[in-house]
Amino acid sequence: MPLKYFFKKIIESFPTLTGVIIITFILLKLAPGNPLYSIIGERVTAERVSELKSKMDIYDVSLLRQLKMYLFNILKGDLGYSYITKQPVFTSLMEKLPNTIKLASLSIFLAVICGIGLGLIGALTRSVLVDKIILLITTFGISTPVFWFGLLLIYLFARCLRILPASGMSEGELAYIILPALTLGSRSAAYIARMTKASLQDVLAEPYVLSAKARGLSPFSVLRHSLKNAMIPIITLIGLDFGSYLNGSVLTETIFGWNGVGRYVVMAISQRDYPVIMGGVLMGTLIFIAVNILMDIFYVVADPRIELK
Amino acid sequence: MKKFFYWSALGLLTVILGVCVLSSWITPYDPLLPDLDALKQAPSLSHLMGTDDRGRDVLSRIIAGGRFSISLGIFTTVFALLIGIIFGFISGYYCGWMDSLAGVAINITLAFPSLLLAIALSSVMEPGYKSIFVTLVVIGWAGFAKLIRGETLKLKNSPHVQAARVLGASDLYIFLKHILPLSAGIIITAVTLRVGVSILMESSLSFLGLGIQPPMPTWGGMVSQGRDFFRSAPWMTMFPGIIITLTILSLNIAGEGYKELSAHNVKKYK
């Protein structure tokens with residue numbers, strides 16, 4: 001029963017979730033500098049500091065109490081306040097999230113089209129040369145650093161050909177999203193292509209495909225049947241990649257000045273704005289874990305052969 | 001053809017490694033010394049990869065930066081592997097509460113998206129070689145631990161291990177002599193790929209300004225620094241980027257090539 005499995009998975013993820021939260025808490029505590037000074041500035045007298053400390057009552061309680069408060073605040077959706085803008089971190093993250101989702105969706109869309117296309121060509125043609133070319137393209141796709149690939153695209157399309165804008169978001173025109181989406185999706189496309197090729201080749205070697213062919217099914221319907229079975233690991237991969245894009249593609253958003261979660265976190269790094277950094281990391285990780293659970297469940301629902309233990 | 005890729009990747013890796021080891025002797029110019037007469041010069045015979053905005057030779061800086069990138073990639077992977085072996089052995093071999101404890105630690109580490117965890121870790125430390133080192137080890141060990149745990153679980157009840165146990169071999173001896181060598185193929189592949197990931201991660205962190213600080217050159221830092229002069233001096237970003245890509249590409253090809261070759265060998269002997 002999938003529903004039971006669903007709850008089991010969620011309960012299983014509890015130790016991990018708690019561990020993740022404790023780690024961000026510890027990192028927040030380890031962060032250099034005193035948050036008090038960030039709030040009131042450096043040039044204050046010692047009396048004023050101690051007065052504020054007693055007023056804020058955070059400094060009197062033990063670490064364990066602080067952790068408990070941190071946990072409860074997270075449950076309420078409170079990730080603390082930015083040192084710089086004094087805005088609640090959670091609200092700011094939520095403001096940026098739609099942009100990140102937009103970019104992630106288009107990237108994964110492009111990656112799926114290119115990846116599955118390449119993978120299909122690789123699995124269906126028997127040419128050794130095509131095979132090698134696809135291997136080379138995908139290996140390049142996996143090995144190229146995202147930040148450098150983005151700069152290359154900017155150089156090519158914005159500087160040399162002058163057909164696409166180099167960075168920024170403007171009013172959200174399509175032209176601005178193409179280069180970041182290509183950059184972000186390239187890696188994923190390479191992985192999807194490999195997975196499609198491997199998975200489809202496995203399925204095509206199954207006896208039932210042979211029997212379908214022997215019964216005289218058209219190549220197209222054979223492909224349709226086998227693709228359905230080959231898709232399960234591919235969709236899992238797509239889901240996981242999408243999950244990791246949702247936590248803000250830090251590098252891509254920085255290069256293209258895309259106003260999303262990732263860039264927000266990077267800007268916080270240079271300002272030493274720790275609540276924002278850790279808030280962004282925590283939210284990204286929670287999304288990541290949630291997508292992982294969803295994909296586990298999808299796997300079981302899609303493939304009845306996998307036993308529910 | 002596949003073998004051709006594999007051997008050329010290995011050759012390229014040897015060259016890169018050799019150049020980095022010899023870096024302080026073979027850099028044509030001082031990588032740190034600004035030369036105000038040679039600002040942003042395009043690649044030429046005297047400066048094969050051009051010069052940057054302070055007149056420093058890009059090739060020299062790439063060679064000097066390679067020393068950091070490659071050594072970080074290798075040393076952090078070795079360190080992560082050692083921790084992974086210890087945790088993987090304990091959790092796979094003994095099971096019980098130690099397994100659950102190690103399992104939770106592994107799961108928590110793997111639950112973080114690795115770049116985000118790397119950012120969080122390195123942002124609370126003083127940026128430098130040490131902070132990158134710690135960060136890369138922390139994000140790298142869990143994958144190894146998981147791999148070795150799985151291998152140990154698979155092999156610990158196989159006949160030859162049971163025979164060794166009956167003969168009175170100690171657990172550690174069994175692990176080191178009868179389990180680890182049989183997993184060597186997978187581990188070598190994982191290590192090669194991991195070195196690539198570590199170098200990529202290091203250059204990403206340097207790109208974000210969280211790595212080794214200027215004026216010390218790093219590959220990622222050079223790409224980031226060249227961004228500001230992209231229009232007037234594209235070679236400042238192009239060459240470091242090409243080098244990072246080639247290094248990681250060769251590591252990936254070598255790792256996967258080794259996997260295929262060793263799988264082939266296993267088949268041959270069966």
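A search of the whole structure, which is a predicted model, finds 11 aromatic pairs over all chains. One of the pairs joins F147(A) and F207(B): the ring centres are 4.5 Å apart and the planes meet at 20°, so the pair is stacked. The cut-off behind that label is a plane angle under 30 degrees. This pair crosses between chains, with F147(A) placed in helix α8 (residues 146-160) of chain A and F207(B) in helix α9 (residues 184-207) of chain B. Both F147(A) and F207(B) are buried.

Another pair is formed by F89(B) and F175(B). Their ring centres lie 4.2 Å apart with the planes at 35°, so this pair is tilted. F89(B) belongs to helix α3 (residues 58-94) of chain B and F175(B) to helix α8 (residues 171-179) of chain B, so the pair ties together parts that are 86 residues apart in sequence. F89(B) and F175(B) are each buried. They are also members of one aromatic cluster, together with Y93(B) and Y94(B). A ring elsewhere in chain B has a charged partner: R67(B) lies over the face of F68(B), 5.5 Å from the ring centre.

Chain B can now be taken as a whole. It has 11 helices and zero strands, and the order along its sequence is α-α-α-α-α-α-α-α-α-α-α. Along the principal axes, the C-alpha atoms of chain B fill a box of roughly 75 × 45 × 30 Å. Chain B has 270 residues, and 51% of them are buried. Of the contacts in chain B between residues at least 6 apart in sequence, 72% join residues at least 24 apart. Its accessible surface comes to about 12,500 Å², and carbon and sulfur atoms hold 70% of that area. There are 21 positive and 14 negative side chains in chain B, and the centres of these two sets are 13 Å apart.

Chain A has 14 helices and zero strands. From the N terminus on, its elements run α-α-α-α-α-α-α-α-α-α-α-α-α-α. Buried residues account for 44% of the 309 residues of chain A. Among the contacts in chain A with a separation of 6 or more, residues 24 or more positions apart account for 75%. The accessible surface of chain A is about 16,300 Å², of which 67% belongs to carbon and sulfur atoms.

Several single residues show contacts between the two chains. The first to consider is L151(A), found in helix α8 of chain A. Its relative accessibility is 4%, so L151(A) counts as buried; the limit for that class is under 20%. Leaving aside neighbours within four places in sequence, L151(A) is in contact with I255(A) in its own chain and with V223(B), R227(B), F230(B) and T237(B) in chain B. Within chain A, the C-alpha atoms of L151(A) and F256(A) are separated by 8.9 Å, although these residues are 105 residues apart along the chain.

M238(B) gives a view from chain B. This residue sits in helix α11 (residues 235-269) of chain B, and its relative accessibility of 16% is why M238(B) counts as buried. Not counting residues up to four places away in sequence, M238(B) touches W148(A), L152(A) and Y155(A) in chain A, and F230(B) in chain B. F230(B) is thus a contact of M238(B) and also of L151(A). From C-alpha to C-alpha, M238(B) is 9.3 Å from M49(B), while 189 residues separate the two in sequence.

L115(B), in helix α5 (residues 114-123) of chain B, also has contacts in both chains. With residues up to four places away in sequence not counted, L115(B) touches V250(A) and L251(A) as well as M201(B) and S204(B). L115(B) and L136(B) are 21 residues apart in sequence, and their C-alpha atoms are 9.9 Å apart in space.

The last residue on this route concerns the backbone. R272(A) is placed in the loop between α13 (261-270) and α14 (274-302) of chain A. Its phi is near 55°, a positive value in a residue other than glycine. Most residues other than glycine have a negative phi. At 33% relative accessibility, R272(A) counts as partly exposed.

Definitions and conventions
Residues are numbered from 1 along each chain as its sequence is written. Chains are lettered from A and ligands numbered from 1 in the order in which they are written. This is a predicted model: local features need pLDDT of at least 70, side-chain atom pairs count only at pLDDT 80 or more; totals for chains, interfaces and linings use all residues. Side-chain values use heavy atoms; hydrogens and water are left out. Helices (H or I, at least four residues) and strands (E, at least two) are DSSP runs, numbered from the N terminus. Buried means under 20% relative accessible area, exposed over 50%, partly exposed in between (1.4 Å probe, protein chains only). Contact means heavy atoms within 4.5 Å. Accessible areas come from the Shrake-Rupley method with a 1.4 Å probe; for residues, only the protein chains shown count as cover. Lys and Arg count as positive and Asp and Glu as negative; His and the chain ends are not counted. The place of a charge is taken as NZ of Lys, CZ of Arg, CG of Asp or CD of Glu. Rings of Phe, Tyr and Trp (its six-membered ring) pair if their centres lie within 6.5 Å; planes under 30 degrees apart count as stacked, over 60 as edge-to-face and the rest as tilted. A charge sits over a ring if NZ of Lys or CZ of Arg is within 6 Å of the ring centre and within 35 degrees of the ring normal.
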